[in-house]
Amino acid sequence: MTAPVSVRGVSRFYGEAAALADVSLEIAAGEFIVLLGPSGCGKTTLLSILGGFVSPSAGQVFIGGRDMGGLPPAKRPTTTMFQDYALFPHMSLIDNVGFGLRMRGQPRRARDARALECLDMVGLSASAKRRPHELSGGQRQRVALARALAVDPDVLLLDEPLGALDLGLRRQMQEELKAIQKRVGTTFIHVTHDQEEAMAIADRIVVMNAGKVEDFATPAEIYLRPRSLFSAGFMGECNFLPARVEGPAGQGALALTGPSGPLTLPDAAFLGPAPAPGAEVTLCIRPEHLGPGPGGIPLGEGRIERLAFLGAHTRAVVAGAAGPLIAALPQTSPAREGDSIALWAAPEALVALPAAGD
Ligand SMILES: Nc1ncnc2c1ncn2[C@@H]1O[C@H](COP(=O)(O)OP(=O)(O)OP(=O)(O)O)[C@@H](O)[C@H]1O
């Protein structure tokens with residue numbers, strides 16, 4: 001089953017410190033949501049509040065329109081899958097997966113049938129009689145997922161479930177998680193600090209920092225149109241350039257002064273209303289939107305300090321008036337370290353945000 005989740009003004013204090021500060025989110029039924037942010041930003045606290053393991057200091061949580069206030073974990077339509085998804089070593093896989101149903105008093109036949117169905121969902125029905133120690137790490141992970149889904153929660157809460165797996169297995173499990181989630185339609189809320197993982201699996205990502213929500217949007221929106229400097233910098237590499245707004249520059253454009261001189265930006269570069277003359281802004285430019293041009297918005301000349309061939313592109317560190325800028329040059333670029341290069345930014349890919357502190 002599945003349900004929408006509504007988080008309304010939730011805060012959680014530990015002493016004076018706010019682990020979560022006034023967090024509000026509206027999550028639709030069946031969405032795959034990822035809570036993303038650095039260590040200590042409050043991801044686990046939020047997940048624990050949703051699961052009923054921690055109570056909020058303020059605010060409310062609704063699941064399927066029902067106020068969860070005061071309800072213990074077992075009374076909620078949620079299941080939590082923790083990182084150390086301890087399976088019972090002495091039990092077969094089918095008994096492990098059926099354990100939650102046994103606790104709910106389901107007779108053996110019904111729970112075995114459901115457990116087999118869930119093991120089948122994760123590709124392990126042929127191993128139903130085996131014990132956890134006979135499985136690989138990835139297979140044990142799948143059993144834990146089957147166990148979590150066996151009780152048919154409306155919302156599955158996943159706390160860094162792939163954290164202990166090596167990179168190859170992690171990528172494979174991401175694909176599987178996503179496919180299984182689409183098949184069962186349950187709302188998934190998944191915690192990670194890995195940006196790539198978040199982009200690979202999420203319908204929408206909640207970017208968190210210091211107990212607050214910095215951004216809440218699809219991976220593409222967050223990457224291409226970040227709503228905060230933190231979110232822009234956390235979601236992949238980003239160049240930040242200071243600039244000052246001078247005033248209108250004809251239809252749909254603003255004149256600014258950047259580190260290498262005057263530049264004109266389309267109004268669309270500003271996410272909110274265009275800022276007033278004199279406002280300090282920060283331009284956010286992804287490395288792949290910065291190149292040797294010509295064409296687009298000129299960002300001045302610089303000297304290539306370092307080049308690194310990274311396969312898909314060559315990463316260049318260019319020192320210029322704006323400080324070091326990172327540009328993703330094509331594989332075939334003839335550029336050499338020490339060369340001078342004029343950098344241009346693609347105007348449609350440039351985002352201007354209020355400068356830090358404004
Ligand atoms: N039981 C607790 N008592 C005191 N402080 C706590 C407690 N639980 C969490 N905190 C604090 O709340 C803040 C948020 O912690 P939380 O575990 O939610 O972060 P996180 O984003 O999940 O981090 P990580 O990725 O390291 O797990 C941290 O500063 C943490 O020290």
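In what order do the four strands of the open sheet with β2, β1, β4 and β5 stand? Keep that in mind as you open this predicted model; we will come to the sheet after a look at the whole chain.

**The whole chain**

Start with the protein chain in cartoon view. You should find eight helices and 20 strands. The C-alpha trace spans about 75 × 45 × 35 Å along its principal axes. Of the 358 residues in the chain, 39% are buried. If you switch on contacts between residues at least 6 apart in sequence, 65% of them join residues at least 24 apart.

**The four-stranded sheet**

Now select β1, β2, β4 and β5. Here is the reply to the opening question: the order is β2-β1-β4-β5, with antiparallel pairing. The edges are held by β2 (17-27) and β5 (66-67); each has a single partner strand, so one side of each has no neighbour in the sheet. Zoom in on β1 (residues 5-14), which runs antiparallel to β2 and is joined to it by seven bridges. For a landmark on this pair, pick Phe13, which faces Ala18 in β2.

**The ligand**

Next, select the ligand and show the residues around it: Tyr14, Ala19, Gly37, Ser39, Gly40, Cys41, Gly42, Lys43, Thr44, Thr45 and His193. Colour this shell by character and you get seven polar residues, three nonpolar and one charged. Which helix gives the largest share of the shell? Highlight helix α1 (residues 43-51), which supplies three of the residues.

**The five-stranded sheet**

Move on to a second open sheet, built from five strands in the order β15-β19-β16-β17-β18, again with antiparallel pairing. Its edge strands are β15 (290-291) and β18 (323-329), each pairing on one side only. Select β15 together with β19 (residues 340-345): two bridges link them in the antiparallel sense. Leu290 sits opposite Ala345 in β19.

**Ala352**

For the last stop, select Ala352 in strand β20 (residues 351-354). Is Ala352 buried or exposed? Ala352 is buried, because 25 other C-beta atoms lie within 10 Å, and 20 or more is the cut-off for that class. Show its contacts too: leaving aside residues up to four places away in sequence, Ala352 touches Leu265, Ala269, Phe270, Val281 and Leu283. Finally, draw a distance from the C-alpha of Ala352 to that of Asp152. These residues are 200 apart in sequence and 44 Å apart in space.

Key
Residues numbered from 1 in each chain as written. Predicted model: local features only at pLDDT ≥ 70, side-chain atom pairs only at ≥ 80, totals over all residues. Buried ≥ 20, exposed ≤ 12 C-beta atoms within 10 Å, placed from the backbone. Contact = placed C-beta atoms within 7 Å. Near = placed C-beta within 6 Å. Nonpolar A, V, L, I, M, F, W, Y, C, P; charged D, E, K, R; others polar. Pairing = 2+ DSSP bridges.
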